Amino acid sequence: MSKAVRVHKVGGPEVLTYEDVEVAAPGPGEVRIRQHAVGLNFIDVYFRTGLYKAPGLPFIAGNEASGEVVAVGSGVTNFHPGDRVAYYFNLGGYASERVIPADKLVKLPDHITYEQGAVLMLKGLTVWYLLHKTFKVEQGHRVLIHAAAGGIGLLACQWARALGAHVIGTVGSKAKADLALANGCDHVILYNEENFVERVKQISRGELCDVVYDGVGKTTFPGSLSCLRPRGLFVSFGNASGPVPPFALAELNNHGSLFATRPKLNDYVGTRRELLEGADTLFAAVINGKLHVPINHAYALKDAAKAHADLESRATTGAAILRP
Ligand SMILES: NC(=O)c1ccc[n+]([C@@H]2O[C@H](COP(=O)([O-])OP(=O)(O)OC[C@H]3O[C@@H](n4cnc5c(N)ncnc54)[C@H](OP(=O)(O)O)[C@@H]3O)[C@@H](O)[C@H]2O)c1
């Protein structure tokens, strides 16, 4: 019998229920995989609390994982039993085995471990599109990355630095500051103790940033807008502290003809070509040593509630995995 963590009603971490589940044989175009590692993400918290709506209840939590193909359905020619694979896909991830459409899978190169694969498909691909597609980070750009020691944060800081950017990060503690500095940040701001807008002004000698990557949301808005140079880009990509409140478009004018976007991964890897472009670039960055994958926490899948409590209480740094 396969195991999974299901949500029968939305709520706190205690609603994550570890239980037996039946896994069907793969249908046409589908693949059945035995999972080796599952990525933990803040988006899993949003689905669990109901901030993001699952299609129905109960649902199996989780949006990224890696594993081994154990069976393929009719019409699947590009995957075979024994292949090492990873994916990003809406829900169903917190499981020991699952069935998934084959076109959502990518093959893991030999040099990428299951653990790395499990945290690269949502976090890594998000960092890929944020730095390469939403805004093309280049030599000399000044970027502000909030929650710089988080799962997304540590990858984003490393990659932005490798692209030649000057990286300013915000973090919630001194220990996180040290970690962010070791992972690509040129400057770190303790945003719970310091006024981050004033510190960005000082650090940049008044020139401010070309782009702000904000996955924190409510508590960093509208400060993030004040950190941008005229015509800079505000990238609001998450809500760790709560959603950004509705605001008037005129605010963008007031802060200097700013641009703003609220992107999501689905819209950047919606086609097979885009998914493979992102995964190839990402895996190459890891294999070439440009990107180190900081997996700082591992939990048994049955302890998913503890993992969620740690993530929400800001006790984690970098990436975390669940082991089925
Ligand atoms: N749009 C997309 O395509 C996309 C895809 C993936 C993830 N995301 C977003 O990216 C963000 C980061 O995701 P992640 O999984 O890597 O999480 P994470 O950054 O590892 O964890 C969230 C961090 O946010 C900070 N934070 C600030 N205020 C908080 C609060 N009130 N409660 C909890 N944390 C708070 C904490 O860092 P400090 O202690 O340093 O403040 C915390 O460690 C999330 O908002 C997520 O939704 C968006």
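**Figure 1. The ligand between the two domains of the predicted model.** Domain 1 (2-122 + 269-323) and domain 2 (139-262), whose bounds come from an automatic or database domain assignment, both give residues to the shell around the ligand, so the ligand lies between them. The model is predicted, and local features therefore need pLDDT of at least 70, while side-chain atom pairs count only at pLDDT 80 or more and totals for chains, interfaces and linings use all residues. Residues are numbered from 1 along each chain as its sequence is written.

**Figure 2. The shell around the ligand.** Of the 30 residues around the ligand, a residue being near if its C-beta atom, placed from the backbone, lies within 6 Å of the molecule, Gly-150, Gly-151, Gly-172, Gly-215 and Gly-238 come nearest. Helix H1 (42-49), H2, helix H3 (151-162) and helix H9 (304-312) each supply at least two residues of this shell; helices (H or I, at least four residues) and strands (E, at least two) are DSSP runs, numbered from the N terminus. By class, the shell residues divide into 13 nonpolar, twelve polar and five charged, where Ala, Val, Leu, Ile, Met, Phe, Trp, Tyr, Cys and Pro count as nonpolar, Asp, Glu, Lys and Arg as charged, and the others, Gly among them, as polar.

**Figure 3. The contact between domain 1 and domain 2.** The C-alpha centres of domain 1 and domain 2 lie 28 Å apart, and 13 residues of domain 1 are in contact with 14 residues of domain 2, contact meaning that the C-beta atoms of two residues, placed from the backbone, lie within 7 Å. The side of domain 1 that touches domain 2 has seven nonpolar, four polar and two charged residues.

**Figure 4. The six-stranded open sheet.** With parallel pairing, the six strands of this open sheet follow the order S11-S10-S9-S12-S13-S14, two strands being paired if DSSP finds at least two bridges between them. Strand S11 (187-190) and strand S14 (259-261) are the edge strands, each pairing on one side only. Strand S12 (residues 209-214) and strand S13 (residues 228-236) run parallel and are joined by five bridges, and Asp-214 stands opposite Ser-236 in S13.

**Figure 5. Lys-133 in helix H2.** Lys-133 belongs to helix H2 (residues 114-134) and counts as partly exposed because it has 15 C-beta neighbours inside 10 Å; 20 or more other C-beta atoms within 10 Å would make a residue buried, and 12 or fewer exposed, with C-beta atoms placed from the backbone. The C-alpha atoms of Lys-133 and Ser-226 are separated by 23 Å, the two residues being 93 residues apart along the chain.
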